[in-house]
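Me: Could you take a close look at one part of this model for me, and then walk me through what lies around it? I'd like a connected account rather than a list.

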Amino acid sequence: MDLSGIGFGLFAVISTLYILHFGYYLVYANLYDIWQMRRRFGRQLEAARGLADVQQPLVTVLIPAHNEELVIARCLDSVIASTYENLQIIVVDDASQDSTPRLVRRYIKDRQFKPAYCKLVAKIRNGGKGVALNTALKHHARGAYVMTLDADSILAPDAITNAVSYFAYPDVVGVAANVQILDEPTVLGILQKFEHMIGYRSKKAYSLCNCEFVIGGVASTYRMEVLREVGFYDTDTLTEDIGLSIKIINNGNRENRLVYAADVVAATEGVDGLRALLKQRYRWKYGSLQNLIKYRQLIGSTDARYTLGLTMYRMPVAVISEIFLLFSPLIWAYVIYMTLTQYSLGLILGAYLTITIYTLITLWTAEKLTFWNQLRLSIYAPTAYFIFYLMDFVQFWAICKCLFHIRSLLSNKDSNSRWVSPRRIGREVSLS
Amino acid sequence: MMALHDIFTAPTEPSAHFALQVYSHQVEVFTRLISYLAVVSVIMWACVVTTMLIRLGAGRLYSRQRLRKKL
């Protein structure tokens, strides 16, 4: 076989894998939606017939905060507006330098909340997000389930009720929420909104195949007993949330299942500048790589405690994607060069239409998105293909920066789940 | 503007002949690749459309009207 034959084979295999992957997301997301409809129908039927379980186990909502004076009241308002009643709300202030603790104290005092319902845990020394969460979990949380919520986020009123309903499945130990980006009329705002929507669509597929291992920090809910069993958050990586979910999975994902819950809706602020986005994505990339290295024994493992979907597909694909990312400029250059020199726009047009149609399908099947928002975002959908290139660049930049720090990455230095909060906007919004 | 294709189709030296041969081969390979990917894409979209139709059917099956009927 000559060189171009090898090139053709390689490129064909990679492209086929991409297309099949794409199809897998779309097909399984549809199957997930059918499962969700069936679940919701069953719950409505039970409720109407008076068969639903009326007992509400205590849920602890943990809100770690560090300099969040602009957004903390908005976050608390959304939790208090929840339809779920048996709550314990804990705000952990990690030595803020602004008026966050004072605002929370006043918030609690004004509403005359009892400490059993809502309290502030004020730390004197700043220890990072993971340490703050662990302090509250070890010494203050009493709930059977724990939901963590970032201070710049808000919850939909039925989010906690819906999250708890997933624990009716005995093997479910963690529930990932459907986190949306609050509306921002900028290119970066739309980019992050599309990215979240599309990213969560792949979570539907992973969830159905029980191969999910990443749960973010916003509105994720866990069984308290499982958190105790694994020893709460690790503080030796930059992303303590991914660290916790993969640590739970490490105990065997057949019996410790993580699910994505499309009906557990929360919204968070996106970052408002390219520099902040680059910084955020670098931190996420570095933290993900740290966790992949830390739990590398899961890749290709044949241990019966894990599903093959996790060890033979999801985790290897996570590693391979990072490697592909490094070569992405070469692939773009090849495709653009050949397309221009051949006077054929077939490939680019095919890719463009695929991304645009995919974005439109995602938009029109998205949960909790009003008709007018779907219509408004559909206008932007034709630009999705181009703005995703921007995200590709951001991801490429992040992986290159990680490579520059490969030594500290491999030796797990520079590893502290410290606070890196982008600038907050703090607009009045609600998800009801 | 003179396109790259025109440069290759006006060979004057042996090295240009060789470059033309390499280029034509690349074009052939690339065309094969596009047709191959098109077939894979069609199969993929067929699966997607089928499950979308099933999803639409499920939407009717688990609708509010049906819930009212069941009650």
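Reply: Asn67(A) counts as partly exposed, because its relative accessibility of 28% falls between the 20% limit for buried and the 50% limit for exposed. Please keep in mind that this is a predicted model. You will find Asn67(A) in chain A, in the loop that joins β1 (59-65) to α2 (72-80). What caught my eye there is the backbone: Asn67(A) has a positive phi of about 55 degrees, although it is not a glycine. Most residues other than glycine have a negative phi.

Chain A offers another residue to set beside it. Ala95(A), also not a glycine, has a positive phi of about 50 degrees. Ala95(A) sits in a loop too, the one between β2 (87-94) and α3 (100-110) of chain A. Is Ala95(A) buried or exposed? With a relative accessibility of 18%, Ala95(A) counts as buried, because the cut-off for that class is under 20%. So Asn67(A) is partly exposed, whereas Ala95(A) is buried.

From those loops, let's move to the surface, where both chains contribute. Arg49(A) gathers with Arg66(B), Lys69(B) and Lys70(B) in a patch of positive charge. One of these, Arg66(B), belongs to helix α3 (residues 64-70) of chain B. Its relative accessible area is 37%, so Arg66(B) is partly exposed; a residue needs over 30% to be counted in a patch.

That brings us to chain B as a whole. Its elements run α-α-α from the N terminus on, with three helices and zero strands. Of the 71 residues in chain B, 25% are buried. The accessible surface of this chain comes to about 5100 Å², and carbon and sulfur atoms account for 66% of that area.

How confident is the predictor in all this? For chain B, the mean pLDDT is 74, and 69% of the residues reach 70 or more. Within the chain, confidence is highest in helix α2 (residues 14-61), at a mean of 80, and lowest in helix α1 (residues 4-8), at 49. For the model, the scores are ipTM 0.72 and pTM 0.84.

To come back to your close look: Asn67(A) is the partly exposed residue in the loop between β1 and α2 of chain A, and its phi is positive, at about 55 degrees.

Technical notes:
Residues numbered from 1 in each chain as written. Chains lettered and ligands numbered in written order. Predicted model: local features only at pLDDT ≥ 70, side-chain atom pairs only at ≥ 80, totals over all residues. Heavy atoms only, no water. pLDDT = per-residue confidence, 0-100. Helix = DSSP H or I, 4+ residues; strand = E, 2+ residues; numbered from the N terminus. Patch = residues over 30% accessible without salt bridge, like charges linked within 9 Å, V, L, I, M, F, W, Y side chains within 5 Å. Areas by Shrake-Rupley, 256 points an atom, 1.4 Å probe, with all protein chains shown as cover. Salt bridge = Lys/Arg side-chain N within 4 Å of Asp/Glu carboxyl O. Lys, Arg positive; Asp, Glu negative; His and termini not counted. Charge placed at Lys NZ, Arg CZ, Asp CG, Glu CD. Buried < 20%, exposed > 50% of the residue type's maximum accessible area, 1.4 Å probe, protein only.
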